[in-house]
Amino acid sequence: MEIENIQQLFIIEIKQKVRQAQYEALKAVNVQLINLYWELGKAISEKQSENWGKAIVPTLSKELQKEFPKMSGFSTTNLWLMAQFYSEYHSAENLQPLVGEISWTKHIVILNKCKDSLERQFYILATKKFGWTKNVLIHQIENKTYEKYLLNQTNFEQTLPENIKNQAHLAVKDEYTFDFLNLAEEHSESQLENALVQNVRNFLLEIGHQFAFIGNQYKLQVGEKEYFIDLLLYHRQLQCLVAIELKIGEFIPEYKGKMEFYLTVLNDTIKLAHENDAIGIIICKEKDRTVVEYSLKSSNMPIGVATYNTSAKLPKQYQELLPDREEIAKKINEYF
């Protein structure tokens with residue numbers, strides 16, 4: 001029996017090596033393809049700057065498809081996209097080193113949907129880090145994930161150790177969109193919680209990468225009394241429990257004290273020896289950013305405060321709230 005187990009482990013190890021080799025091969029092919037597209041885009045852009053007519057691109061497209069019938073990607077539209085890709089990225093110091101990091105189809109999504117170079121940098125790095133598919137990337141862009149991570153309100157800077165502090169910022173958004181719940185405008189906290197549990201796959205997709213669902217109404221026994229956390233998750237990369245409290249009204253400072261109590265009990269009675277201290281996320285219907293800021297200042301527990309909406313309508317104030325470009329660039333470099 002022991003020999004069979006050893007053989008099985010050997011086979012699993014070999015399979016993993018094959019998968020890793022396949023991944024590395026695909027990655028190398030992707031880099032080569034992007035480099036080819038970059039060079040084609042450069043050549044087309046340079047000829048356009050020399051006042052060559054636009055007719056050269058359709059002609060080039062036909063010739064390339066004729067010469068390389070087994071290769072796709074040489075349509076007139078795609079050649080123009082290569083030229084746009086090169087012309088908009090080659091002068092951006094933050095983008096040029098990243099051109100080979102993700103696939104061409106994902107680059108095109110970012111190129112077409114994002115116009116700011118820092119926003120493009122964020123989505124390239126996030127796509128690479130989190131392994132977003134094309135459809136997930138589109139969802140993240142349309143859902144303003146860039147703004148929601150940059151504007152999140154937490155006290156992680158003061159309460160978390162250096163080795164996980166920056167990564168933790170990517171665990172809390174400023175606002176969550178629960179448009180998949182089909183809830184009425186007026187709903188109770190239990191209705192919100194039950195709807196999220198019933199749609200747990202979409203909930204985890206929205207709340208972010210690396211979260212695993214543990215349970216709802218998670219019981220904590222303190223002496224002879226029982227307390228219940230609305231939702232308990234686990235963050236695999238941060239290796240910590242994540243307590244979530246749902247509120248259908250505006251954030252009030254008292255919510256912070258309740259979360260601190262939950263986190264203390266989780267750390268003392270539930271957390272495993274190898275895990276980091278638990279973090280808390282309070283999700284409310286509304287919040288006053290100044291009230292949240294003052295509330296979190298006085299806490300030594302890692303807590304974030306976010307809002308939620310049940311429609312795809314996005315907050316209008318996000319663009320106005322964003323920090324200056326130097327601060328955005330600093331945050332992106334720290335997070336990734």
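## Aromatic pairs

The count of aromatic pairs comes to 19. The model behind this count is predicted. One of the pairs joins Trp38 and Tyr86. Their ring centres are 5.0 Å apart and their planes stand at 75 degrees, so the pair is edge-to-face. An angle over 60 degrees is what earns that label. Trp38 lies in helix H1, residues 2–49, and Tyr86 lies in helix H3, residues 76–89. The pair therefore ties together parts that are 48 residues apart in sequence. Trp38 counts as buried, at 10% relative accessibility. Tyr86 counts as buried too, at 11%.

Phe122 and Phe336 make another edge-to-face pair. Here the rings are 5.6 Å apart, centre to centre, with 75 degrees between the planes. Phe122 belongs to helix H5, residues 117–130, while Phe336 sits in the segment after helix H15, residues 325–335. This pair ties together parts 214 residues apart in sequence. Are the two partners buried or partly exposed? Phe122 is buried, with a relative accessible area of 1%. Phe336 counts as partly exposed, at 28%.

## A ring cluster and a charge over a ring

Ring pairs also build a cluster. Its members are Tyr37, Trp38, Phe85, Tyr86, Tyr89 and Trp104. Trp38 and Tyr86, the edge-to-face pair between H1 and H3, thus belong to this cluster.

Tyr255 has a charged partner. The charged end of Lys247 sits over the Tyr255 ring, 4.8 Å from the ring centre.

## Overall build

The chain has 336 residues, and 46% of them count as buried. It holds 15 helices and seven strands. Along its principal axes, the C-alpha trace spans about 80 × 65 × 40 Å.

Two strand residues show how parts of the chain come together in space. Leu233 is in strand S4, residues 225–235. Leu233 is buried, with a relative accessible area of 0%. From Leu233 to Ala278 the C-alpha distance is 9.9 Å, across 45 residues of sequence. Ala306 is in strand S7, residues 303–309. Ala306 is likewise buried, at 0% relative accessible area. Ala306 and Ile282 are 24 residues apart in sequence, and their C-alpha atoms are 6.2 Å apart.

## The largest pocket

How much space lies in the largest pocket? About 630 Å³. Its lining is made by 21 residues. Asn152, Gln153, Thr154, His169 and Lys331 lie nearest the centre. The elements that give two or more residues to the lining are strand S1 (153–154), helix H8 (156–159), helix H13 (289–297) and H15. H15 supplies the largest share, five residues.

The lining of this pocket is mixed in character. Seven of its residues are nonpolar, six are polar and eight are charged.

## The cavity

The structure holds one cavity of 30 Å³ or more. About 40 Å³ of space lies in the largest cavity. Its lining residues are Phe130, Gln167, Leu170, His209, Gln210, His235 and Gln237.

What is the balance of nonpolar, polar and charged residues in the cavity lining? Two are nonpolar, five are polar and none is charged. Charged residues do appear in the lining of the largest pocket, where they number eight.

## Cysteines

How many disulfides does a search of the whole structure find? Zero. For Cys240, the reason is distance: the closest cysteine sulfur, in Cys284, is 20 Å from its own sulfur, too far for a bond. A disulfide needs the two sulfurs within 2.5 Å. Cys284 is in no disulfide either, and its nearest cysteine sulfur is that of Cys240, 20 Å away.

Are these two cysteines buried or exposed? Cys240 counts as buried, at 1% relative accessibility. Cys284 is buried as well, with a relative accessible area of 0%. The cut-off for buried is under 20% relative accessible area.

Note on methods:
Residues are numbered from 1 along each chain as its sequence is written. This is a predicted model: local features need pLDDT of at least 70, side-chain atom pairs count only at pLDDT 80 or more; totals for chains, interfaces and linings use all residues. Side-chain values use heavy atoms; hydrogens and water are left out. Buried means under 20% relative accessible area, exposed over 50%, partly exposed in between (1.4 Å probe, protein chains only). On a 1 Å grid over the protein atoms alone, a cavity is a set of points where a 1.4 Å probe fits but cannot get out, and a pocket is an open set with protein on both sides within 12 Å along at least five of seven lines; lining residues have an atom within 4 Å of a point. Grid points are joined across faces, edges and corners, and a volume is the space filled by probe spheres set on the points. Ala, Val, Leu, Ile, Met, Phe, Trp, Tyr, Cys and Pro count as nonpolar, Asp, Glu, Lys and Arg as charged, and the others, Gly among them, as polar. Rings of Phe, Tyr and Trp (its six-membered ring) pair if their centres lie within 6.5 Å; planes under 30 degrees apart count as stacked, over 60 as edge-to-face and the rest as tilted. Helices (H or I, at least four residues) and strands (E, at least two) are DSSP runs, numbered from the N terminus. A charge sits over a ring if NZ of Lys or CZ of Arg is within 6 Å of the ring centre and within 35 degrees of the ring normal.
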